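Visitor: Hi, could you walk me through this one?
Guide: Happy to, here it is.

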Amino acid sequence: MLVADRLIKDFGPHRAVADVSFSLERGEVLGFLGPNGAGKTTTMRMLAGGLEPDGGKATIAGYDCIADRLEAQRRLGYLPEGAPAYPAMTPRTFVAFSLRARGFAGDALKRANAMALDRASLGDYADQPIGTLSKGYKRRAALAAAIAHDPPVLVLDEPTDGLDPNQKDGVRQLIRDMAPDKAIIISTHILEEVPAVCSRAIVIANGRLLFDGSPRELAQTVPAGRIEDAFRSLTAPRPGTEAAA
Amino acid sequence: MHTLFAVYRRELAAYFLTPLAYVFMAVFAFTAPAFAFHVGRFFDTNRADLAPLFDYLPWLLVVLMPALAMRSWAEERDRGTLEFLMALPIPLWASAAGKFLAAWSVAALALVLTMPMWVAVNYLGSPDNAAIATGYLGTLLLAGGYLAVGQALSATTANQVVAFVLGTGAAFLLTMAGLPFVLSALGQNAPAAVSEFVAGLSALDHYNAFRHGVIGLPDLVYFLGLIVVSLTIAGVLIAERRGGGR
């Protein structure tokens, strides 16, 4: 469903993503883990067609994210980092814009819009300007726009960042509900989220892929069997060397 | 086409959801006649036409069109919504054209607000209404040209003030290029081909043809060409961002 094939991205002399490859099938929820600046967001932007790789390629449902960008993007729901949204719009008009750009109109648009707002639990806030909403509701509005067209692939950059514990639970439940018929990739700093939501985990640091396996396998890479320790041992810079250099 | 319409609708709503369109139209509706009455001496000319209005509109557009255009891409970059927009299955030409047509619609609406003057000259005398209509068409095309240039420059920065200053500077140069003193200075100091070329670039020159009631093919081609080329540049600049500064 989603394939990253030896993705490379350079920013000037800095290699942000180096030879990252993985693939994802329907029914999988992939947790994309790594310290700040590891290359998670850069990789996700390449999958979303917002950034061209300098090497390798990414495909969604068989469509190249650059050469067949529009076809790939039709099958993708993307929540960018920081969940940007137009502050003067309401969640309802924001989601409607996203749907209209994807060819929805009339009753189909209204139905998809109402369902997305409901799934993202916008409630009474669906008709207030996004600029007046709290960070959590703003993120839900952006999430509603990402899932409204029921795409087979979801790329969500830190979907639970800035949410309170109840809201986090709500989003995790939403991801679990959607999981059976979608390929979902989420980036997160919250390691406890991984066993709770993800069927698979990838760890990346300094642009390189360090681990790809189930959350259980990740935990078992250290004797204590804890994901936090495994993450630290994989990504912490070792004295005298650069991590994963 | 549905993508262009989606962007057009969103952009038009954005102008009217914020005070921007209302402030813009109020300023336009007040300033344009003020120029015509006070600077253009509308009544003293004793002629039933809108020449005093059309004389000063280009200079008003030099400032007001970049004000309308400055947000188009700079705001998207500043707020991070460009990332969202670029992940939607919208071809870049549709984004650029949708943004342009929305701003152009606001400009057209502002022009409509000067039409009571047209009614007034018809009440006071019998003007050449076809020539006035042609003048309005020329003004609309001139406004479109400045808007498109302003939107191309808005794509170069994430700062709206910078976009405004660049847009005003470019519109000012395009207007100035056709003024007699610029051309005569060039005529004395540069080869004839250069001054002809500069005169050909001048928006004012092509605008004046419309003001005299003539819809000439070269003038139409000039304005439509200016719009298409500028929007293409905006599209290319935004497409470049996919390269990530490569």
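Guide: We'll go through a sheet, a helix, two backbone angles and a chain contact.

Guide: A word on conventions: this is a predicted model, where local features need pLDDT of at least 70, side-chain atom pairs count only at pLDDT 80 or more, and totals for chains, interfaces and linings use all residues. Residues are numbered from 1 along each chain as its sequence is written, while chains are lettered from A and ligands numbered from 1 in the order in which they are written.

Visitor: Great. What is the order of the strands in the open sheet of chain A?
Guide: The six strands run S6-S7-S8-S3-S9-S10, with mixed pairing. Strands here are DSSP E runs of at least two residues and helices are H or I runs of at least four, numbered from the N terminus; two strands pair if DSSP finds at least two bridges between them.

Visitor: Which strands stand at the edges?
Guide: S6 (76-79) and S10 (208-213) of chain A; each has a single partner strand, so one side of each is left without a neighbour in the sheet.

Visitor: How do S6(A) and S7(A) pair?
Guide: In the parallel sense, over four bridges, with S7 covering residues 153-157 of chain A. Leu79(A) stands opposite Leu156(A) in S7(A).

Visitor: And which strands does helix H5 of chain A touch?
Guide: H5 (residues 135-147) packs on the sheet against S6 and S7 of chain A, and its direction makes about 165° with that of S6(A). Contact means C-beta atoms, placed from the backbone, within 7 Å; axes are lines fitted to C-alpha atoms, for helices over the stretch in contact, with angles from 0 to 180 degrees between N-to-C directions.

Visitor: New topic: where does H3(B) bend?
Guide: At Leu61(B), by about 40°. That is the angle between axes fitted to the seven residues ending there and the seven starting there.

Visitor: What about phi at Arg6(A)?
Guide: Phi of Arg6(A) is near 50°, a positive value in a residue other than glycine. Arg6(A) lies in strand S1 (residues 2-11) of chain A.

Visitor: And where is Ala61(A) found?
Guide: In the loop between S4 (55-60) and S5 (63-64) of chain A. Ala61(A) also has a positive phi, about 50°.

Visitor: Last one: how many residues does each chain give to the contact?
Guide: Chain A gives 24 residues and chain B gives 23. On the side of chain A that touches chain B, the largest share, four residues, comes from H3(A).

Terms used: Contact = placed C-beta atoms within 7 Å.
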